[in-house]
Amino acid sequence: MQKSNVEPITDFIGTQVLEPWKGIKKVAQQEYFTSGHRTCQGCESAQIMKLMAKAAGPRSIILGSTGCMYVANTTYYSTPWVIPWMHTQLGSSGSAATGTAAGLRALMRKGKMSKEPINVIAFCGDGGGADMGLSAISAALQHTEYNLLILMYDNESYANTDIQVSGSSPYGANTTFSTPGKVQRIMHRRWKKNTAAMLAAGHPECKYVATICTSSPIEAMNKVRRALSIGGPTFIHSLDPCPKGWDYDPMYSHELGELAIETGIWPLYEVEENTVKLYGKSRQIAKGLRKRKPVREYLERQGRFAHFIDEDFDYFQAKTDEMWEKWLVPGVIPFSNP
Ligand SMILES: Cc1ncc(C[n+]2csc(CCOP(=O)(O)OP(=O)(O)O)c2C)c(N)n1
Ligand code: SF4
Ligand SMILES: [Mg+2]
């Protein structure tokens, strides 16, 4: 990447060097998000909190915007957080992360706390991140002088207020704001926002953007570790099956995450220093080494698509095919290159 000719900031503290964990046996045993939360059984957003905290380790501060991962994790007198955690307003994960990173640096500069790299992570839901908080996240990603990670956990609805449609909800999903009726079967007609790629393409100085899913937990943790190590503001987008909002038996959470990847609906990739790398099954799909499963296999497993008829499945399949067959960077960047 081209070096900026702006004078470097002299009180730069640096980052922790968090090497990737090569295999399950190398993963740290210590947990920093433990019992004491009240999320639904099978909640993959809670799972991603656990993986994120484990990957970041003890010298970390977590900020969380309003949503399930705030409300269900802060029941009076009990919390699963073992490391410092603070609530921030819905839509404020970007500004909370920047403010915390700037505050830590000021305290260290003034000698009010010892100098050491402390991980700053702000999480937000899809409502608080892809919709309401997008401008604050964009601003945070431009402040390259601060080290921070924004992790967006995407359960594809405003889940905490009873499953309202968000810009990240998939086409046609039945939510409390898009209930199918007799006159109109498909109430939600917008295609899901391509948030991670939008942020990567729109912030070329941001060193690291990635997508993850709890169905690939070691990869997810290593991407968190990479984001925190590389420094500067970084962004990770996690797809989290949500038994309540997606309407399925909680025992299938892991399987649904796998199906999202195997059908090509959820590509796993990272953009490091503007270079795209697809991971695992997504990489095999892009290289033509793996056939995508029909999207129907994923959609039919969820009650939120129970009203779909053949033409709805066909439309969803055609849009997913486009991602892999027509996009400039398959599964990632939706421009054509005539
Ligand atoms: C400014 C503001 N508007 C509305 C709300 C009400 N509210 C609380 S949580 C929530 C849903 C947030 O959705 P998301 O960010 O996707 O997180 P999830 O609940 O799905 O975990 C809403 C709308 C609020 N707290 N603040
Ligand atoms: S509604 Fe969904 S995201 Fe919220 S706690 Fe339940 S499973 Fe988790
Ligand atoms: Mg949500």
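Author: Before we start on this predicted model, one term is needed: a nonpolar core is a set of buried Ala, Val, Leu, Ile, Met, Phe, Trp, Tyr and Cys residues joined through C-beta atoms within 7 Å.

Reader: Okay, so how many residues does the largest nonpolar core have here?

Author: The largest nonpolar core has 82 residues, and those with the most contacts inside it are Met52, Ile150 and Val224. Helix α1, which covers residues 44–56, gives the most to this core, with eight residues.

Reader: And what does Met52 touch?

Author: Leaving aside residues up to four places away in sequence, Met52 touches Ile121, Leu151 and Val224.

Reader: Switching to the sheet, what is the order of its strands?

Author: This is an open sheet of eight strands with mixed pairing, and the order runs β2-β1-β3-β4-β6-β5-β7-β8. At its edges are β2 (85–88) and β8 (275–278), each of which pairs on one side only.

Reader: In which sense do β5 and β6 pair?

Author: Strand β5 (residues 208–213) and strand β6 (residues 233–239) pair in the parallel sense over five bridges, and Ala210 stands opposite Ile236 in β6.

Reader: Which strands does helix α5 lie across?

Author: Helix α5 (residues 134–142) lies across β4 (148–154) and β6, and the helix runs at about 140 degrees to β6.

Reader: Last topic, what surrounds ligand 2?

Author: The residues around ligand 2 include Cys40, Cys43, Cys68 and Cys242, along with Asn155 and Lys244. By class, this shell has seven nonpolar, four polar and one charged residues, and helix α8 (residues 243–246) supplies the largest share of the shell, three residues.

Key:
Residues are numbered from 1 along each chain as its sequence is written. Chains are lettered from A and ligands numbered from 1 in the order in which they are written. This is a predicted model: local features need pLDDT of at least 70, side-chain atom pairs count only at pLDDT 80 or more; totals for chains, interfaces and linings use all residues. A residue is buried if 20 or more other C-beta atoms lie within 10 Å of its own, exposed if 12 or fewer, and partly exposed in between; C-beta atoms are placed from the backbone. Helices (H or I, at least four residues) and strands (E, at least two) are DSSP runs, numbered from the N terminus. Two residues are in contact if their C-beta atoms, placed from the backbone, lie within 7 Å. A residue is near a molecule or strand if its C-beta atom, placed from the backbone, lies within 6 Å of it. Ala, Val, Leu, Ile, Met, Phe, Trp, Tyr, Cys and Pro count as nonpolar, Asp, Glu, Lys and Arg as charged, and the others, Gly among them, as polar. Two strands pair if DSSP finds at least two bridges between them. Axes are lines fitted to C-alpha atoms, for helices over the stretch in contact, and angles run from 0 to 180 degrees between N-to-C directions.
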